[in-house]
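Trainee: I would like to take a close look at a single part of this assembly, the place where two of its chains meet. Could you walk me through it with care?

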Amino acid sequence: MLRYILHKLALIVPTVIGITIASFAFIRLLPGDPILAMAGQHGVSPERYEILREQFGFNQPIWTQYFQYVWGVLHGDFGISLSTKRPVIVDFLSLFPATIELSLFAMMLAILLGIPAGIFAAVKRGSWFDQMTMGVALTGYSMPIFWWGLLLIIFFSGYLGWTPVSGRIALSYFFRPITGFMLVDTLLYGNWPAFVSAVRHLILPAVVLGTIPLAVIARQTRSAMLEVLGEDYVRTARAKGLSPGRVVNVHALRNAMIPVVTTIGLQVGLLMAGAILTETIFSWPGIGKWMIESISKRDYVVVQSGLLLIALVVMAVNLLVDILYAVINPRIRVR
Amino acid sequence: MAMLEIKNLTVAFDTAAGLFKAVDGIDVSVDGREVLAIVGESGSGKSVAMLAVMGLLPATATVTADVMNFEGKDLLAMPANQKRAIIGKEIAMIFQEPIASLNPCFTIGFQIEEVLNQHMGLRGNAARQRAVELLQMVGITDGAERLGAFPHQMSGGQCQRVMIAMAIACDPKLLIADEPTTALDVTIQKQILDLLVSLQDRYGMALIMITHDMGVVAETADRVIVQYKGNKMEEADVLSLFENPQSNYTRALLSALPENAVGDRLPTVADFEDTDGGMSR
Amino acid sequence: MSVPVLEVKNLRRDYVSSGGPFRPAKVVHAVKDVSFTLEKGKTLAVVGESGCGKSTLARMITLIDQQTSGEIIVDGATVEARHGVSAALRRKVQIVFQNPYGSLNPRQKIGSVLAEPLLLNTSMSPAERRDKAMTMLLKVGLQEEHFNRYPHMFSGGQRQRIAIARALMLNPSFLVLDEPVSALDLSVQAQILNLLKDLQDEFGLTFVFISHDLSVVRYIADEVMVMYFGEVVEHGSRDAVFEDPQHDYTRTLFAATPRTDISSIKARLARKSAA
Amino acid sequence: MSQTTTGTEPVAPETQKLGRGAALAEFWHYFSINRGAVIGLVVCILLVLVAIFAPVLAPYSPDEQFRDALLVPPAWEDGGSLSFLLGTDPVGRDMLSRLIHGSRYSLFIGLVVVTVALSVGVTLGVLAGYFGGWVDAVIMRLMDIILAFPSLLLALVLVAILGPGLFNAMLAIALVLQPHFARLARAAVMAEKSREYVTSAKVAGAGHIRLMLITILPNCVAPLIVQATLSFSNAILEAAALGFLGMGAQPPTPEWGTMLATAREFILRAPWVVTFPGLAILITVLAINLVGDGLRDALDPKLKRS
């Protein structure tokens, strides 16, 4: 088990180095001069240009610049945002909880609905429930979620008026963040109406973001179950005279979860992509919206370090999933 | 009355190419304390018939029989929960691929204790003790340590022993072994066959041995049924089968054994076939 | 005495399981110091149980895998495979595998399976290749109409015939048969064994026959070599080995082989009723 | 069951049909069992026809602005007009005509992206899987790096670097989809490489190139075809998302995602300008995915058994 984790870590090292090179390279790949690009339409005086060049280290050889960048990153220095003039890491940390909160709820929705639906569809293979669930799942899987979000807004916010259109909480509430998680903070302040407001703000974005993972998990659970149900050990379990429920929920499910966990892990990367769209549609103040705005504002310091930070988060989650995978799979855990 | 009595059993599979009869109207009966071998080549339907008895066939299979009784109880008409009280307790079965037949996610202790729990209501320490005892009976002496092992940590022969331990856990009256040694090496095969026969003898079980190997038949069986393409070719006690085979097919099988080669070439089944390619009994 | 077709000296193969930073590399000796010579027209049977190294040996003498040390001499010439196997050498050694379902390319018609060795190793015209392939197809007991079919249309026995035909296309000096009948039904097994004997008689073929089944070995072999944990524990003529096995393991192996003769069955039944 | 029948000596009659025709017939048999796949295929064919004959089918030019008919609702709603079946957009262009022309962009995007991603990815994957060792390690670490970035984010950044526009968007999407082909091809090649028919071809004297391209690759096609259909629909979705974020096709191109972006502010006032482009994307992607599922079932021998 330890060896397995160390092996996974060893694989990650070159990837992380590659990620730093890639995110570093992007800013250098920009068409034209990065300083002129940052300066925008107003241009910059030759003296100021030289000062900026010095300040950003662009006068140094490229590899020196790279090592300075990595050195900074290793010391928690991700640069200063050109637009907010705050350290990138500060902005990141203040916005990150919003994205986590949204993603967690989306994922919970996907897992709690997707796995049982997949199991049931597999057990009742070919039934109307199976066909309907898989039809819905394929539709969800094919959904352009930015449009799906707009549709839900039209219906629930516009037509029914049940949910707010944007933000994390009604503007009338203001909290100094404790954890940064709105649901937790409102409860910590003991403000029940604020909590309800936060929940109402969260529901639609979570549904939108959870749609594709839900569809994928349901489909994967079903196919993993179908495969496992044909295995010899399931026949053995039935030959032991166990009830169908125990055969499915103990013997088959445990094995079927192994590929499903991998799928859930892969969804995390997609979740970040989905968060960009979802946060844009619902004006959710998270990492996705931050990145989009930084790209359109040409705040390349944020883009460079944001890419790096997000990639690191994705890698970290993947590592966690690999460990979880080993925990539920004795063939890896016990050698 | 025989312990297991089957008359005119037919199993048909609904395949993409149409209905396929894997078993076509065969009769099987077994008495207590008897070793019956069902022998046939692949596609002869020998496993399918026994899987039908156990109720382990997929939903695409249609099973019909005039009689399918175990100790006078009709296995076909019986409700599922009543049948589950018999399956795994009174009738147990072991399979060809021992490693694949054990659940890779659970320890062998869990898997043995599960049967004891299901049919005998044994839990906790009592179940654990009985499991160690069972492992001892199948020749695994360090049972107490082995309970925590996973199937992938053991060899094929060890896994088959665990399968046997699980099968005999509730003192079954009938043990069905479906090609139990095909996936194993010769020396291990010998050990497993000896173990099965000695357990059968010691606990007075009936044993149905499904095999394609005439050697296994010769070494274990009291009585033999020869199957070919879903039909029964011959039924005889083991000695007369080998000494004086009645059907052409049995004669063909026996003469195709390399150890029975007379002269330079082996006769094959084709040499015994009727002109129309069929096989007379 | 003529030059032996195949001579093997102190052949050895180690597998090094790659260690990590936290565990030392482990060396497994899959085959240890195997030596033998094989005369033209003879069959050497290599017997042993799974993991004894017999398939590793087969892959080394067919030049698929390289030996760790030791010499392989084919037709009197030492194989120097460090820099790839020459085409001339390649065509001298051929192999037939155990699993008839895995050994044929599912996307290749039978005719092309048989003609491929000629295409790759000779300068024959397409028509010549076709003729030669067709001749061989008939030789192994299949029909002309099988030429343009795909492997999935054939049964296990038929596929094994095709695999044998392919191996013979280049007139190899010797043929390695790695458990060629153990995946087949008894009656089909007999057909394939007959075919092998017919072909051996007709072309004077030399076989290395790898098997775990003693009754098959006794039927087909001239010489028998018993392997146990990578080592040859017994090697001699068939009659010598079967009549008077020297090594304990060989005796264990014989004792474990089921007996189908009447007297053994009678003895067993007698023991049973006595108990 | 499979075990007991595979060795049957006389070949079962239904497999005795000859040649590729039979293989195709068998494929169609399994494909057509799946009703959804057939429906998806029909929709796909219709879409291709619509795209080809767009200028003939569309009632108006996609860019023609009817200044006196801004935000006209669909024909069946109050205030709708039969001359604009699906209504008009904020600058008075006919929705139906724009949607019909939009199909050309989506299908074109899918085609180009899949072609690029497939050829690059399969080449890399086959090399990695066949040679293993350091070739494999280098290629797969490169793929890992690409996969570590959320695809849409990476595509956005690439488009920011290359400059917004449909062509650059397609390149960016091809780059982020390509590792999936590489991984799949690698896995398939590795599985096939150890099979005995490959060793047999090697013993018959086949060289590396022949083994890779002629012996192994044709046996890896099935999963790649399925992945290609999935990538086709993914490409359409991603391109639409980029268009929606203003980084893909630029207005006034009637690309569906771009249409959605420009319509966003009217979402509550004129829902149809939002509804129809999205529906068009959904139907297209769904149809392709249905076909992909059908292909997977028909090509996957594991599921064939049951």
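Mentor: What follows is a look at the interface of chain A and chain D, with a few side-chain pairs from elsewhere at the end. Please keep in mind throughout that this is a predicted model.

On the side of chain A, 44 residues are in contact with 43 residues of chain D, and the two chains bury about 3,800 Å² between them, with 79% of that area on carbon and sulfur atoms. As for charged pairs, the rule finds 1 salt bridge across this interface, in which the side chains of Arg219(A) and Asp293(D) meet at 2.9 Å, N to O. Arg219(A) and Asp293(D) also belong to a network of salt bridges that links them with Arg296(D) and Asp297(D). In addition, 4 residue pairs are found in polar contact across the interface of chain A and chain D, both residues of each pair being at pLDDT 80 or more.

Several helices of chain A each supply at least two residues of the side that touches chain D, among them H1 (2–29), H9 (192–229), H11 (244–281) and H13 (300–328). The largest share, 8 residues, comes from H1(A). Sorted by class, this side of chain A has 32 nonpolar, 8 polar and 4 charged residues.

For the partner chain, an unreviewed UniProt entry lists residues 37–58, 105–132, 152–177 and 266–291 of chain D under "transmembrane region". In the model, residues 37–58 of chain D are 91% helix and 0% strand, with the end C-alpha atoms 28 Å apart, while residues 105–132 of chain D are 96% helix and 0% strand, with end C-alpha atoms 39 Å apart.

For a view beyond this interface, a search of the whole structure finds 43 salt bridges over all chains. One of these is formed by Lys139(C) and Glu202(C), whose closest N and O atoms are 2.8 Å apart; because Lys139(C) lies in helix H4 of chain C and Glu202(C) in helix H6 of chain C, the pair ties together parts that are 63 residues apart in sequence. Lys139(C) is partly exposed, at a relative accessible area of 34%, and Glu202(C) also counts as partly exposed, at 48%.

Between chains B and C, a polar contact of 2.4 Å joins the side chains of Thr187(B) and Glu49(C). Thr187(B) lies in helix H8 (residues 186–203) of chain B and is buried, with a relative accessible area of 12%.

Note on methods:
Residues numbered from 1 in each chain as written. Chains lettered and ligands numbered in written order. Predicted model: local features only at pLDDT ≥ 70, side-chain atom pairs only at ≥ 80, totals over all residues. Heavy atoms only, no water. Contact = heavy atoms within 4.5 Å. Buried area = accessible area lost by both parts, 1.4 Å probe. Salt bridge = Lys/Arg side-chain N within 4 Å of Asp/Glu carboxyl O. Polar contact = N/O pair within 3.5 Å; in protein donor to acceptor, adjacent residues only side chain to side chain. Helix = DSSP H or I, 4+ residues; strand = E, 2+ residues; numbered from the N terminus. Nonpolar A, V, L, I, M, F, W, Y, C, P; charged D, E, K, R; others polar. UniProt positions renumbered as here; feature names shortened; annotations may be inferred. Buried < 20%, exposed > 50% of the residue type's maximum accessible area, 1.4 Å probe, protein only.
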